[in-house]
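Open the complex in your viewer and keep the selection panel at hand. The stops below are given in the order in which to select them.

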Amino acid sequence: MGTTFSYLVLGVLRMSEKKIRVLMSKPGIDGHWRGGIVVSRAIRDAGMELIFGGFQNVQQIVEAAIQEDVDVIGLSIHSGAHFAYTQEVIDLLREKGVLDNIMILLGGVIPAKDFPKLKEMGVANVYGPGTLTKDIVEFIRTNVKK
Amino acid sequence: MFDKNYLEKVREEKEKWEKLYENLKEREVKFVSDSEIPIKNLYTPLDLKEKDYMEDLGFPGLPPYTRGVYPSMYRGRLWTMRLFSGHGTPEETNKRWKFLYENGETGFSAAVDALTFNGIDPTNPDGAPEVGTSGVPLYCIDSLFALTEDIPIDKVSVALVVEPFTSAPVCAMYFNMAQMRGYDISQLTGTTQNDILTMTVGYIPYKNCPPNHILRLACDFIEWTVPMKNVPRWHPINFTGYNYREGGIDAVQELGFVFASACSHIDNLIERGWKVDDFVGRLAFHLAAHKDFFEEIAKFRAARRIWYKLMKDKYEAKDPRNLGFRFHVQTAGSSLTAQLPKVNIIRTAIQALEANLGGCQSLHTNSYDEAICLPSEDAALVALRTQQIISDESRIHNTIDPLAGSYFVEWLTDEVEDRVWKYIDKIQKVGTIDKALSTGFLYKEMRDAFHKRRMRIESGDEIMLGVNKFPVPYDDVTDVFRTNKEAISIEVERINKLKAKRDNAKLEKVLDKLRNICEKEENVMPVVMEATKEGATVGEICDIYREIWGIWEPPLAI
């Protein structure tokens, strides 16, 4: 796969009722990992199916999202390069025709001033420092695209 | 420390007080330290009855160094005010360094970007959008000339915050630059972080090599600088508990990670045939000053005593200069909030005071915009002034180790020390530090710490004002410092220019030599010095490591 992570498929096996499927990914090469892990754990604990992609380039994120048929892509970005990576992911999802089926969430050290522009680009919600994970879980449950 | 009869009187009097206390209602708060040490309502001479002043405390600059590593401490010389900074390009970082120097900073520290950390050149599309966004890009020797232009590097010490995967090339570039400028590198002072745990559990490595090779690289660098006497005044490693502490582990674990790692490095150097006294005096440490005021002070004092015992009893160091634990402190970035950012100034001031009351040698204070962006010039200046208020206005430096003899502080220092010894044992049972990584042990410890801290914050057990108490929206008022968007094109051009002027055929031969040395057990530094002088980039050196040793996938735990 060419990433330094292997896929870690965690969570409960799919049962008759479709569980919400979330891909957690770190675009780029910045290694601040606590946020992504903490949110992953909270999503798994909430009974959703979590696919932990770890470091992935934009191509790998979109491929994994399609192959794994995910409802949500969570991008964890702490490097300040959130506009560049998010735009690339959205463009490729659009090109593959799956943008409308997938909710994109963004978390990390992201200035509140950037939230409106990121939402305009197509991000459903942005989570900065100090976010409580229960708010993320609740947002996914309420807003996931069916 | 007290006479038996006297202690009996204290005990009788304490019983009276306890009767009074019995009928009082305490607030509904858990009285525990951050690392969950239960804290009593009051400490008295009874808590110190087993202590011996000479054996447990002694005098500053003398064993067991509990009261300070130097005889005169801040009466002789203040701590170094060293702000960790880097952004955009080496030229912009140079400007920031000069600004801070003019305002009283006394040491420099280069925060590098994610590409420099991971040995990725800007011509590689993997990380291109991150050039200069989280630190200064240092990809080739020309970058080091730009970074230090007009900076008196023979007078002010420079910390290069790079980890073992890239410490050899980045520092070799620095040493070559210094030599080309006419400095004698045997006289240079500074520090390389070179900490295996930073780029494995503090921060996840992107396409780095397996831990046993990383440990070898760290030890190669220590060996070449200090015992081989190429840069003998340099601190070739800085065990950076700060970086993993920020992930969520507690004060006891922080010291446990640090000392277990230090022992693995010392053992490696001894296996290479060196004596502990040949190098151990140049090992340095970088700890966190976190939220629990007294526990952090106790931690710094305990750390000195533990190091002394390790050096004297385990390693039998003979030179008294090699028994002292010298450390840099950084206030806790993870304690700061993006909500009400100005309140962070107060958090940082309290934590800086912990570091100074704990007797640090060097200090970084975080900027109030830490949780939002890289520090703006204004925020960095406030952070520097915070230290200067302590050094110039508070008069805490009037006497050495002013908290010594406090029943509580001495008791807590002992308690932290006991727990750290037990935790060091726990790690060492797994094996050397590279084993503790490759088996996933340290990742599980980190995972459990993340989880515990998250539960504490979400339940409100651990208060974060503005977040889980008196919550306010994420601040969108504070100015956001943005790094230079042109950095990527500037850095690609810098590399292309260098590649055009260097002798590529000659360089290829040097790189082949490096391939050869990587396969053997020979120190990589001489050939990395040669390669970077010939214009090799950090990415090119690291690609050879990857080629020979392979890429490591860390056993992350969720």
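Helices here are DSSP runs of H or I with at least four residues, strands are runs of E with at least two, and both are numbered from the N terminus. The model is predicted.

**Whole complex**

Colour by pLDDT before selecting anything. For the complex, the predictor reports an ipTM of 0.90 and a pTM of 0.95. Chain B has a mean pLDDT of 96, with 100% of its residues at 70 or more. In chain A the average is 89, and 88% of the residues score at least 70.

**Chain A**

Select chain A. It contains five helices and six strands, and their order from the N terminus is β-β-α-β-α-β-α-β-α-β-α. Chain A has 146 residues, of which 53% count as buried. Take the contacts in chain A between residues at least 6 apart in sequence: 76% of them join residues at least 24 apart.

Now select residues 1-16 of chain A. Their pLDDT stays under 50, and the model has 34 contacts beyond four places in sequence for this stretch. Where pLDDT is low, the predicted coordinates should not be read in detail.

**The side of chain A that touches chain B**

Show both chains and select the residues in contact across them. There are 35 residues of chain A in contact with 39 residues of chain B. On the chain A side, at least two residues each come from β1 (8-10), α1 (34-45), β3 (49-56), α3 (82-95) and α5 (133-143). Which of these elements gives the most to the side of chain A that touches chain B? It is α1(A), with six residues. Coloured by class, the side of chain A that touches chain B shows 17 nonpolar, twelve polar and six charged residues.

**Domains of chain B**

Hide chain A and colour chain B by domain. Domain 1 covers 4-53 and domain 2 covers 78-459. Taken over C-alpha atoms, the centres of domain 1 and domain 2 of chain B are separated by 36 Å. Ten residues of domain 1 of chain B are in contact with twelve residues of domain 2 of chain B. The domain 1 side of this contact has four nonpolar, three polar and three charged residues.

**Leu374(B)**

Go to the loop between β9 (362-364) and α14 (377-392) of chain B, where Leu374(B) is found. Is Leu374(B) buried or exposed? With 25 other C-beta atoms within 10 Å, Leu374(B) is buried, because the cut-off for a buried residue is 20 or more. Beyond four places in sequence, Leu374(B) touches His87(B), Phe481(B) and Thr483(B). Add Arg482(B) to the selection: its C-alpha atom and that of Leu374(B) are separated by 7.7 Å, although the two residues are 108 apart along the chain.

**Ile390(B)**

Move into helix α14 of chain B and select Ile390(B). Ile390(B) has 24 C-beta neighbours inside 10 Å and therefore counts as buried. Outside its neighbours within four places in sequence, Ile390(B) is in contact with Ala352(B), Leu353(B), Asn356(B) and Ile396(B). A C-alpha to C-alpha distance from Ile390(B) to Leu78(B) gives 11 Å, for a sequence separation of 312 residues.

**Helix α7(B)**

Select α7 (164-180) of chain B. Its 17 residues should span 24 Å at 1.5 Å a residue, and the end C-alpha atoms are 24 Å apart, which agrees. Of these 17 residues, 15 are buried, so α7(B) is largely enclosed by the rest of the structure. After α7(B) comes Gly182(B), with a positive phi near 100°.

**Helix α20(B) and the nonpolar core**

Finish at α20 (525-533) of chain B, whose buried residues are Met525(B), Val527(B), Val528(B), Met529(B), Ala531(B) and Thr532(B). Among the elements that cover these buried residues are α6 (141-147), α7 (164-180), α9 (211-225), α19 (504-519) and α21 (538-549) of chain B. Just after α20(B), Gly535(B) has a positive phi of about 100°.

Centre on Val528(B). Neighbours within four places in sequence aside, Val528(B) is in contact with Ala168(B), Pro169(B), Ala172(B), Leu514(B) and Ile541(B). The largest nonpolar core has 199 residues, and Val22(A) and Val528(B) touch the most other members. Bring chain A back and select Val22(A) to see the other of these two residues.

Notes
Residues are numbered from 1 along each chain as its sequence is written. Chains are lettered from A and ligands numbered from 1 in the order in which they are written. This is a predicted model: local features need pLDDT of at least 70, side-chain atom pairs count only at pLDDT 80 or more; totals for chains, interfaces and linings use all residues. pLDDT is the predictor's confidence in each residue, from 0 to 100. Two residues are in contact if their C-beta atoms, placed from the backbone, lie within 7 Å. Ala, Val, Leu, Ile, Met, Phe, Trp, Tyr, Cys and Pro count as nonpolar, Asp, Glu, Lys and Arg as charged, and the others, Gly among them, as polar. Domain bounds come from an automatic or database domain assignment. A residue is buried if 20 or more other C-beta atoms lie within 10 Å of its own, exposed if 12 or fewer, and partly exposed in between; C-beta atoms are placed from the backbone. A nonpolar core is a set of buried Ala, Val, Leu, Ile, Met, Phe, Trp, Tyr and Cys residues joined through C-beta atoms within 7 Å. The expected span of a helix is 1.5 Å times one less than its number of residues.
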